[in-house]
Amino acid sequence: MSGILAGKRILITGVLMESSIAFHAAKLAQEQGAEIILTAFPRPTLTERIARKLPEPTKVVELDVTDDEHLGRLEEIVRAELGGLDGVVHSIGFAPQDALGGNFLNTPFESVSTAMHVSAFSLKSLTMACLPLFPHEGGSVVGLTFDAQFAWPQYDWMGPAKAALEATSRYMARDLGKQNIRCNLVSAGPIGSMAAKSIPGFTELADVWNHRSPLEWDMADPEPAGRGIVALLSDWFPKTTGEIIHVDGGVHMMGA
Ligand code: NAD
């Protein structure tokens, strides 16, 4: 099979619906020649149903990224299926309802802690669970952020969680560089996925793109973010690590 991911074995988290950024990364990865394995949360049945819409059949493994037992058995399952891994996609984000939608000043630490654990610390725990599967030549880890430089309307504690994710990615890049493992993030513009719809007032947040995006932005199209992920998984960014690639229509660099 030809394509920029020919011969690569990739683990992809975060496929929940067809609107999931990870679904498009999975589809494009297969089209580009990769063999993939998907992880599922909360129920494998949901992900299995969506996985049937991919070009090739793929195994689905249950994974709650905060569950050490799930993380502990990942290596064996992936090794049996693919023999090893050349790439990992972290497409996971969650914050409890009281951490979103204008409640920033009153959110209890317990909810902040959950948001940080699922959305930021998990980049480290997922990568470490997969580390023994990478070959000597190394590989690529790619995560998804929403620009943490700014205080967005309604995004609340997901903002600090994304800031933590961005910093975590840089430290991962620092510590895994010796093993030739790159760690980068795609900073995506707003997309109407499940995660987005669970943010009360998401339309207000997304409206910024109607006014400030130099390139036309389509909230219903997760494919551009998927393309960014696939590019970072490929050998076409061989010396790029600790980087954040914006796939946001250009909003990140616009003045008011
Ligand atoms: P999505 O709802 O399709 O995906 C979020 C995924 O997180 C789901 O598949 C869910 O199963 C997974 N998840 C939640 N808790 C988990 C846990 N404990 N263990 C394992 N998986 C868990 O939404 P999406 O928009 O495709 O989100 C994917 C990533 O992209 C997230 O990191 C999100 O923050 C980021 N992102 C989204 C947007 C957007 O506007 N939708 C913009 C920038 C970045």
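1. Which element gives the most to the shell around the ligand? In this predicted model, that element is helix α6, which contributes three residues to the shell. Helix α6 spans residues 194-197 and, like strand β5 (139-145), supplies at least two residues of the shell around the ligand.

2. On confidence, the protein chain averages a pLDDT of 97, and 100% of the residues score at least 70. Among the elements of the chain, the lowest mean pLDDT, 88, belongs to helix α7 (residues 202-206), while strand β4 (residues 87-90) has the highest, at 99.

3. As for the site itself, the ligand takes up the space of the largest pocket. The ligand is surrounded by 26 residues, of which the closest are S20, F41, K162, I191 and S193. By character, the shell around the ligand consists of 17 nonpolar residues, seven polar ones and two charged ones.

4. The polar contacts of the ligand deserve a separate reading. S193, listed among the closest residues, has a side-chain N or O atom 2.5 Å from an oxygen atom of the ligand. A nitrogen atom of the ligand lies 2.9 Å from a polar side-chain atom of D64, whereas at I92 the partner is a polar backbone atom, 3.1 Å from an oxygen atom of the ligand. Of the 810 Å² of accessible area that the ligand has on its own, the protein covers 94%.

5. Two points of backbone geometry should be checked by eye. The peptide bond that leads from F41 to P42 is cis, with omega near 0 degrees, and P42 is placed in the loop between strand β2 (35-40) and helix α2 (44-51). F41 also appears among the residues closest to the ligand, and the cis bond therefore involves a residue of the ligand shell.

6. The second point concerns D156, which has a positive phi of about 45 degrees although it is not a glycine. D156 lies in the loop between strand β5 and helix α5 (158-176), and strand β5 is one of the elements that supply at least two residues of the shell around the ligand.

Notes
Residues are numbered from 1 along each chain as its sequence is written. This is a predicted model: local features need pLDDT of at least 70, side-chain atom pairs count only at pLDDT 80 or more; totals for chains, interfaces and linings use all residues. Side-chain values use heavy atoms; hydrogens and water are left out. pLDDT is the predictor's confidence in each residue, from 0 to 100. Helices (H or I, at least four residues) and strands (E, at least two) are DSSP runs, numbered from the N terminus. A residue is near a molecule or strand if one of its heavy atoms lies within 4 Å of it. A polar contact is a pair of N or O atoms within 3.5 Å; within protein, one must be able to donate a hydrogen and the other to accept it, and residues adjacent in sequence count only if both atoms are side-chain atoms. Accessible areas come from the Shrake-Rupley method with a 1.4 Å probe; for residues, only the protein chains shown count as cover. On a 1 Å grid over the protein atoms alone, a cavity is a set of points where a 1.4 Å probe fits but cannot get out, and a pocket is an open set with protein on both sides within 12 Å along at least five of seven lines; lining residues have an atom within 4 Å of a point. A molecule sits in a cavity or pocket if more than half of its atoms lie within 2 Å of its grid points. Ala, Val, Leu, Ile, Met, Phe, Trp, Tyr, Cys and Pro count as nonpolar, Asp, Glu, Lys and Arg as charged, and the others, Gly among them, as polar.
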